[in-house]
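Reader: Hello! Could you walk me through this structure and tell me how each label is earned?
Author: Gladly; here it is, and we can begin with a definition.

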Amino acid sequence: MKKERYSFSVEEYMTKERFNKVKKLAKKNQTPFLAVNLSVIKEKYEELKSNMSFAKIYYAIKANPADEVIKLLFELGSNFDIASVYELDQILSLGITPERISFGNTIKKEKDIKYAFDKGIRLFATDSLSDMEKISRQAKGSKVFFRLISEGSGADWPLSRKFGAHPDKIYQLILKSKELGLEPYGLSFHVGSQQRDIGQWDESIAQCRYLFEAVNEKGIKLKMINMGGGFPGKYKNPTYDLPVYTKEITRFLKEDFPEGLPEIIIEPGRSIVADSGVIVSEIVLVSKKSYLSPYRWVYLDIGKFSGLIETLDESIKYPIYVEKSGSVSEVILAGPTCDSQDVLYENFKYKLPAKIKDKDKVYIFTTGAYTQTYSSVYFNGFPPLKMFVIE
Ligand SMILES: *Cc1c(COP(=O)(O)O)cnc(C)c1O
């Protein structure tokens, strides 16, 4: 049998020049760390903006809240979606003004709504009566948008079930909001993060159309649809390119709103920052559990608790690169902590060169989103993931 040889095209993910900048950092710094290239973020933002020029972008801060990232996106004209008063304080301190901020979390303490209102926030998401009543008490006259539930099927990192409500419930909330002295402004949904089935947007947009009409009959004119995130980063599982997403979604919108589109908001997180990041890690140990086992265990100095939480259920499959060649064999990849959950990929077998060994560098691509801020504070004494910014 002919042995399969290791092949990985760095250029599929970034130019040689950009990768060399990461390697330069790797020469001077202890692993693990995350290197984020701001030029990539700028390109991603501009690509989305030019392909969907009618939409207002509210960057979902949680994907990567580094000050440098926020400042760059602010300069490029982005608005921001926050989930907590802590994110609010952070971006206000960077000089971002409240009319460019929405409070998109439907799960809020009443005192936090008051805090946000006092700071000037006037746009809030909601999906329940209790939350809406809190908003009406603490943020009188504010605009509210109502989050529709989405199954999240087709998404690698679904957000289903926890957020949103069914259309019949939303209908009742919209009518009630007026009585409570709020401005029923629009609807929102999120089809699930890293959504690879573009048809999912069609279904949610159709629900919006239906609700726009239903409440119009009661004299309420909704003005906005917030389509959330879901746009892709470049991982191992293939997706369509962004322009295919934007073209199809635009078509769905125009089909359902032929008389003219309402105000459209999108809240990209992952698609703006994911491709900008490379985590540089090092192999701690390579071992076999028995002489006849076909698999080697490869333990890295980064794991589920130091930034790679999205490997839960092996949901997100990062492209992984080592600078070695030759024949490959299947490996099980795991993190360094003393927790048996700290295994990254076991069912999906990565193939790495037979020659890899301790202290080899491992480059984990497409790690600019949902990594660094997910890293734990000193579990097992491992420090939180460091991040460097390059341009
Ligand atoms: C997390 C989140 C986003 C970002 O989603 P991505 O799939 O990362 O683009 C957008 N909107 C809301 C409300 C979110 O919770």
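Author: A polar contact is a pair of N or O atoms within 3.5 Å; within protein, one must be able to donate a hydrogen and the other to accept it, and residues adjacent in sequence count only if both atoms are side-chain atoms. Between domain 1 and domain 2, three residue pairs, both at pLDDT 80 or more, are in polar contact. This is a predicted model, where local features need pLDDT of at least 70, side-chain atom pairs count only at pLDDT 80 or more, and totals for chains, interfaces and linings use all residues. Residues are numbered from 1 along each chain as its sequence is written, and side-chain values use heavy atoms, with hydrogens and water left out.

Reader: What makes up domain 1 and domain 2?
Author: Domain 1 covers 10–35 + 275–390, and domain 2 covers 65–268. Those bounds come from an automatic or database domain assignment. The C-alpha centres of the two domains lie 34 Å apart. Contact here means heavy atoms within 4.5 Å, and 18 residues from domain 1 and twelve residues from domain 2 take part.

Reader: How do you know how much area domain 1 and domain 2 bury between them?
Author: Buried area is the accessible area (1.4 Å probe) that two parts lose on being put together, summed over both. By that reckoning the two domains bury about 1,300 Å², with 67% of it on carbon and sulfur atoms. On the domain 1 side, S315, I316 and K317 lose the most area to domain 2, together 29% of what that side buries.

Reader: Why is the pairing of K234 and E12 called a salt bridge?
Author: The term asks for a side-chain nitrogen of Lys or Arg within 4 Å of a carboxyl oxygen of Asp or Glu. K234 and E12 have an N to O distance of 4.0 Å, so the pair meets the rule. Across the interface of the two domains, the rule finds one salt bridge, while the structure holds 21.

Reader: And what makes E4 and K351 a salt bridge?
Author: Their side chains meet at 3.0 Å, N to O, and therefore satisfy the cut-off. The pair links distant parts of the chain, 347 residues apart: E4 is in the segment before α1, and K351 is in strand β16. Strands (E, at least two residues) and helices (H or I, at least four) are DSSP runs, numbered from the N terminus.

Reader: Which residues come nearest to the ligand, and how do you know that they are near?
Author: A residue is near a molecule or strand if one of its heavy atoms lies within 4 Å of it. Of the 13 residues around the ligand, K62, S193, E267, G269 and Y370 come nearest. A polar side-chain atom of K62 lies 2.8 Å from a ligand oxygen atom, so this pair falls inside the polar-contact limit. For R270, a polar backbone atom is 2.9 Å from an oxygen atom of the ligand.
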